[in-house]
Amino acid sequence: MNTFLYPSDLGNLSQALAEAAEIKRDRYRHQSLGHNKTALLIFFNNSLRTRLSTQKAAINLGMNVMVLDINQGAWKLETERGVVMDGDKSEHLLEAIPVMSSYCDIIGVRTFAHLDNREADYSESILRQFIEHSGKPVFSMESATVHPLQALADLITIEQYKKTERPKVVMTWAPHPKALPQAVPNSFAQWMLAADVDFIYTCPKGYELDPQFVGDLQPEYDQQKAMAGADFVYAKNWSCPGVTCPADYGKVLSKDMSWMVDTDHMALTNNAYFMHCLPVRRNMIVSDDVIEAPTSLVIPEAANREISATVVLKRMLESL
Ligand code: AN0
Ligand code: CP
């Protein structure tokens, strides 16, 4: 596997889930695979879970691991070609990428959407430059439009906790004070549609996700109706994807607090489990009661990030 952005990069998902289950039983099973191999994890944005779980995954596989925070100690990078570099950026990505790749075997990149230019974000312009110019396998650690390590961990979690063969999984938009990327909901929807679950999502008007990720699936605008009978409720905020109104791309269109997931919402479900990728703002996205309930999976879900990253690094090591 040379790139990791989409479920199709893993091929058969049942096979990947079987590998995840095997790794969960013994996470050090493939420790010789990464001997004398180095992973470089590059962060343009903050992270707690991705940073730690991906390092741990590399350790599980016997790899060496290096972490670079671009905005803390490295030179500020220009990412656009043709710019006269007379500002605060000292180095261009086009030099930085081959230099960084000369020190490692596999590269992970976190580079959030900037939310001001839909075309640049939706073409994954920064991650694509790494893929094109590094000559190394590259995986997204949340890039402009996708967060596949999260979605794979979410799928592993659903597989682990489901009580029926084909559970009903409902993703709901929830309010947040700041504009957030669409990467998490894009990937969650894309992976759920690729997996064997009954998936719907609900959001206010204007928050429709890009057909690249949801195909022709339309949202249910009535949140209460969507929640009825859910086995899993996956909450997430996202900013306007600009599908119906491109001029609104990246904007906060609603802060309607009635969308926050509380016990009244959960009462509509089939005693559903609650999921969120974290970090989460309590009493904006989800009430204290719901996130602290025994049905909240946020901690095991985060723990499964180590498993998803181990599966992905293992696949990349196998094809070096
Ligand atoms: C990010 C987001 O919504 O994409 C990262 C989530 C994993 N969240 C925040 O910036 C709060
Ligand atoms: N869920 C997730 O990716 O968390 P971090 O932003 O802390 O890595």
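**Notebook: two ligands, two sheets and a helix pair**

I began with ligand 2, where an oxygen atom lies 2.7 Å from an N or O atom in the side chain of Ser47. I note at the outset that the model I am reading is a predicted one.

**Entry on ligand 2.** I listed the residues around ligand 2 and found Ser47, Leu48, Arg49, Thr50, Arg110, His147, Gln150, Cys277, Leu278 and Arg305. Besides Ser47, I looked up two further side chains of this list. For Gln150, an N or O atom of the side chain is 3.0 Å from a nitrogen atom of ligand 2. For Arg305, a polar side-chain atom is 3.0 Å from an oxygen atom of the ligand.

**Entry on ligand 1.** Which residues surround ligand 1? I recorded Phe112, Glu142, His147, Leu180, Pro181, Lys236 and Leu278. His147 and Leu278 stand in this list and also in that of ligand 2. In the side chain of Glu142, an N or O atom is 2.6 Å from an oxygen atom of ligand 1. In the side chain of Lys236, the corresponding distance to an oxygen atom of ligand 1 is 2.7 Å.

**Entry on Leu278.** I then followed Leu278 along the chain. Leu278 is joined to Pro279 by a cis peptide bond, with omega at about 5°. I placed Pro279 in the loop between E11 and helix H11, residues 288-292.

**Entry on H6 and H12.** Gln150 and Arg305, both listed around ligand 2, led me to a pair of helices. Gln150 belongs to H6 and Arg305 to H12, and both take part in the contact of these helices. How do the axes of H6 and H12 cross? I found that helix H6 (residues 148-161) and helix H12 (residues 298-318) have axes that come within 8 Å and cross at roughly 115°. The crossing is right-handed. From H6, the residues that meet H12 include Leu149, Leu152, Ala153, Ile156 and Tyr161; from H12, they include Pro300, Ile307, Ala309, Val311 and Val312. I noted the make-up of this contact as ten nonpolar, five polar and three charged residues.

**Entry on the five-stranded sheet.** I traced an open sheet of five strands in the order E1-E7-E6-E2-E3, with parallel pairing. Why do E1 and E3 each have a side without a neighbour in the sheet? Strand E1 (3-4) and strand E3 (64-69) stand at the edges, so each has a single partner strand and one side left free of a neighbour in the sheet. Between strand E2 (residues 38-43) and E3 I recorded six bridges, and I found Ile42 opposite Leu68 in E3. Helix H2 (residues 49-60) lies across E2, E3, E6 and E7, and runs at about 175° to E2. Helix H5 (residues 125-134) lies across E1, E2, E6 and E7, and runs at about 170° to E7.

**Entry on Asn36.** In the loop between helix H1 (13-25) and E2 I looked up Asn36. Its phi is near 60°, a positive value in a residue other than glycine.

**Entry on the four-stranded sheet.** A further open sheet has four strands in the order E9-E8-E10-E11, with parallel pairing. Its edge strands are E9 (198-202) and E11 (273-275), each paired on one side only. Neighbouring strands are turned by 20° against each other on average, direction ignored. I recorded five bridges between strand E8 (residues 168-173) and E9, and I found Val169 opposite Phe199 in E9.

Methods
Residues numbered from 1 in each chain as written. Chains lettered and ligands numbered in written order. Predicted model: local features only at pLDDT ≥ 70, side-chain atom pairs only at ≥ 80, totals over all residues. Heavy atoms only, no water. Pairing = 2+ DSSP bridges. Helix = DSSP H or I, 4+ residues; strand = E, 2+ residues; numbered from the N terminus. Contact = heavy atoms within 4.5 Å. Axes fitted to C-alpha atoms, helices over the stretch in contact; angles between N-to-C directions. Left-handed = near helix turned anticlockwise from the far one by under 90°. Nonpolar A, V, L, I, M, F, W, Y, C, P; charged D, E, K, R; others polar. Near = heavy atom within 4 Å. Polar contact = N/O pair within 3.5 Å; in protein donor to acceptor, adjacent residues only side chain to side chain.
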